[in-house]
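Got your viewer open? Let's take a walk along the place where two parts of a protein meet.

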Amino acid sequence: MEEVAILGSTGSVGTQALDVVRRHPDRFKVVILSAKRASRRLLEQAKAFEPDFVITEEPAPDGFKRELPTKTKHLTGLLGLSLALERTKPKKVLNAVSGIFGIEPSFRTLEHSNALLLLANKETVVAAGELLKPYLERIVPVDSEHNALFQVLRNLKREEVKKLYLTASGGPFRGMGKEELKRVRPEQALKHPRWRMGKKITVDSATLMNKGFEVIEARYLFEVPVERVEVLVHPQSLVHGIVETVDGHHFLVAYPTDMRYPLQHALFYPERVATDLPTLSWTSVGKLEFERPDFDTFECLKLAYEYGRRGFPHTALLVGADEAAVELFLEGKISFTDIPALVKRTVEALAPRFEGPPTVERAVEAAAAAYAAAKGSA
Ligand code: MG
């Protein structure tokens, strides 16, 4: 039995991870579950998996605590997380917390335990990627594209790799021009053609900011300059990542559009075990298309490349500014095409204030400041 902690267990990635765990009851023991608030779903998960600790970011009502299984203790916040990690010493910690709130749990895990960090929180890598360098051996990326690249790269030497390709479905607005984009409404942006995900990341997929974040993630996780990371629009979303070697070979990693594949890989890593999920059938796949993204229309992608090249504090500010811009768009306060403009304005305005070497505190502070500034400006 392997002890695992699932942080952000009530979100989309968290619930899918628990589904993988449920399919292998003889393999995993869930010792920690965490979520932002004490919800009915969290309670149901606690009853089903009987972890040692349930952690909520916000204080929980007494009624919630009373309903927890008798062996399960409730703790709050980052301190609670550190304590639970020290007590349970899990072998693996999945960080599926969404947004800026996920940054500190990643570093708590790396600093307060010996666990392998199965990382699904993008903000950790984008906002504080420089700080992950000493821990790269302990990180297994869960984001589908990076998990795909990771699987190939661990079998190659650094000097053998020429280029990394990240695929993008292109989102619901692929092929649209700027004029059309101005008028798209939140409900249209929330209809992702391939993946079912949380709201924030679904809008980020529509603006291609999500892919921009992933370019930055690749820079830090695999230590390659952003110029050697290329984005390919691939509407079928079956090939998730491609590694090109210096001798001209391309390794493609393909699997059905289902997060449980990278989650299973990460949870069992470094082992591979048989899956009971339906696998890809090449004869029914049909055509696979790849095209260049439209950088002029989807300005968020261009911005992310630029800030990815510059690194901290631009990357940390980018995370906060984008989180606010997406919220404002969903609240109907700004248009879809205002998102990149607001992000750019915010990052440029705050960058001088946060210049200097990054720390976890400064990365979180910069992201939070950019969030507040962008949110307050509309
Ligand atoms: Mg992804």
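**Where the two domains meet**

Between domain 1 and domain 2 there are 3 salt bridges, each meaning a side-chain nitrogen of Lys or Arg within 4 Å of a carboxyl oxygen of Asp or Glu. Before you click on, note that this is a predicted model, where local features need pLDDT of at least 70, side-chain atom pairs count only at pLDDT 80 or more, and totals for chains, interfaces and linings use all residues. Residues are numbered from 1 along each chain as its sequence is written, and side-chain values use heavy atoms, with hydrogens and water left out.

Now colour residues 2-120 as domain 1 and 147-376 as domain 2; these bounds come from an automatic or database domain assignment. Domain 1 puts 22 residues into the contact and domain 2 puts in 25, counting heavy atoms within 4.5 Å.

Next, select Arg 27 and Glu 271: they form a salt bridge, and their closest N and O atoms are 3.3 Å apart.

Then hide domain 2 and look at the side of domain 1 that touches it. Which element gives the most to this side? Helix 1 does, with 8 residues. (Helices are DSSP runs of H or I, at least four residues, and strands are runs of E, at least two, numbered from the N terminus.) Select 12-23 to see helix 1, then try strand 1 (2-7) and helix 5 (103-112), which are among the elements that each supply at least two residues here.

Last stop: show both domains again. The area buried between them is about 1900 Å², with 69% from carbon and sulfur atoms; this is the accessible area (1.4 Å probe) that the two parts lose on being put together, summed over both.
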